[in-house]
Amino acid sequence: MVIPPPERAARVTRFLKPYLLRMHFTNKYVSAQVIHSPTATIACSASSQEKLLRPNMESTRDVAAAAKIGKLLGERLLLKGIPAVSIHMKREQKYHGKVKAVIDSVREAGVKLL
């Protein structure tokens, strides 16, 4: 059974930022995805779990891997025609280390951050 995304009132969707960048870090992998908030779907994603990326990486969990994931995500966003995203960080995430690497490499790829 497929659950449809929640219906939001028009007055609420006007103030939502349309694309949110979310990052997730585990002890083994780094992943980032951009979510289209009005429809609650994933617009684009990149992860160090992808089979094509693993041979090119020395480690799948360090700051260099996070920078590669951010660069790849930025390129994929521009190919899909998404010029700007806003960042959603969890409460415990700080702009430091892997989080900073992902955000800076997305910015360097040419995507504007709101």
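1. The largest nonpolar core of this predicted model holds 24 residues, and those that touch the most other members are A32, V34, I69, L73, L77 and V85. Contributions of at least two residues each come from β1, β2, β3, α2 and α3, while α2 gives the most, with six residues.

2. A32 deserves a closer look, since it is among the core members that touch the most others. Leaving aside residues up to four places away in sequence, A32 touches L21, R22 and M23, as well as S45 and A46, and it also touches I69, L73 and V102. Of these neighbours, I69 and L73 are themselves listed with A32 among the residues that touch the most other members of the core.

3. As to the overall arrangement, the protein has three helices and five strands, and from the N terminus on these elements follow one another as α-β-β-β-α-β-α-β. The five strands form an open sheet with mixed pairing, in which the order is β3-β2-β1-β4-β5. The edges of the sheet are taken by β3, residues 41–47, and by β5, residues 112–113, each of which pairs on one side only.

4. At the β5 edge, the link to the rest of the sheet is made through β4, which spans residues 84–88; the two strands run parallel and are joined by two bridges. Within this pairing, A84 stands opposite K112, the latter belonging to β5.

5. Two helices should be considered together with the sheet. Helix α2, residues 63–80, packs on the sheet and touches β1 (19–25), β2 (30–36), β3 and β4, with its direction making about 140° with that of β3. Helix α3, residues 98–108, lies across β1, β2, β4 and β5, and runs at about 140° to β1.

6. On overall dimensions, the radius of gyration of the protein is 15 Å, which agrees with the value near 13 Å that a compact globule of 114 residues would have. The C-alpha atoms fill a box of roughly 45 × 35 × 30 Å when this is taken along the principal axes.

7. Finally, for burial, surface and contacts, buried residues make up 32% of the 114 residues, and the accessible surface comes to about 7700 Å², of which 56% belongs to carbon and sulfur atoms. Where contacts between residues at least 6 apart in sequence are considered, 58% of them join residues at least 24 apart.

Technical notes: Residues are numbered from 1 along each chain as its sequence is written. This is a predicted model: local features need pLDDT of at least 70, side-chain atom pairs count only at pLDDT 80 or more; totals for chains, interfaces and linings use all residues. Side-chain values use heavy atoms; hydrogens and water are left out. Two strands pair if DSSP finds at least two bridges between them. Helices (H or I, at least four residues) and strands (E, at least two) are DSSP runs, numbered from the N terminus. Contact means heavy atoms within 4.5 Å. Axes are lines fitted to C-alpha atoms, for helices over the stretch in contact, and angles run from 0 to 180 degrees between N-to-C directions. A nonpolar core is a set of buried Ala, Val, Leu, Ile, Met, Phe, Trp, Tyr and Cys residues joined through side-chain atoms within 4.5 Å. Buried means under 20% relative accessible area, exposed over 50%, partly exposed in between (1.4 Å probe, protein chains only). The radius of gyration is taken over C-alpha atoms; the globule rule is 2.2 Å times the number of residues to the power 0.38. Accessible areas come from the Shrake-Rupley method with a 1.4 Å probe; for residues, only the protein chains shown count as cover.
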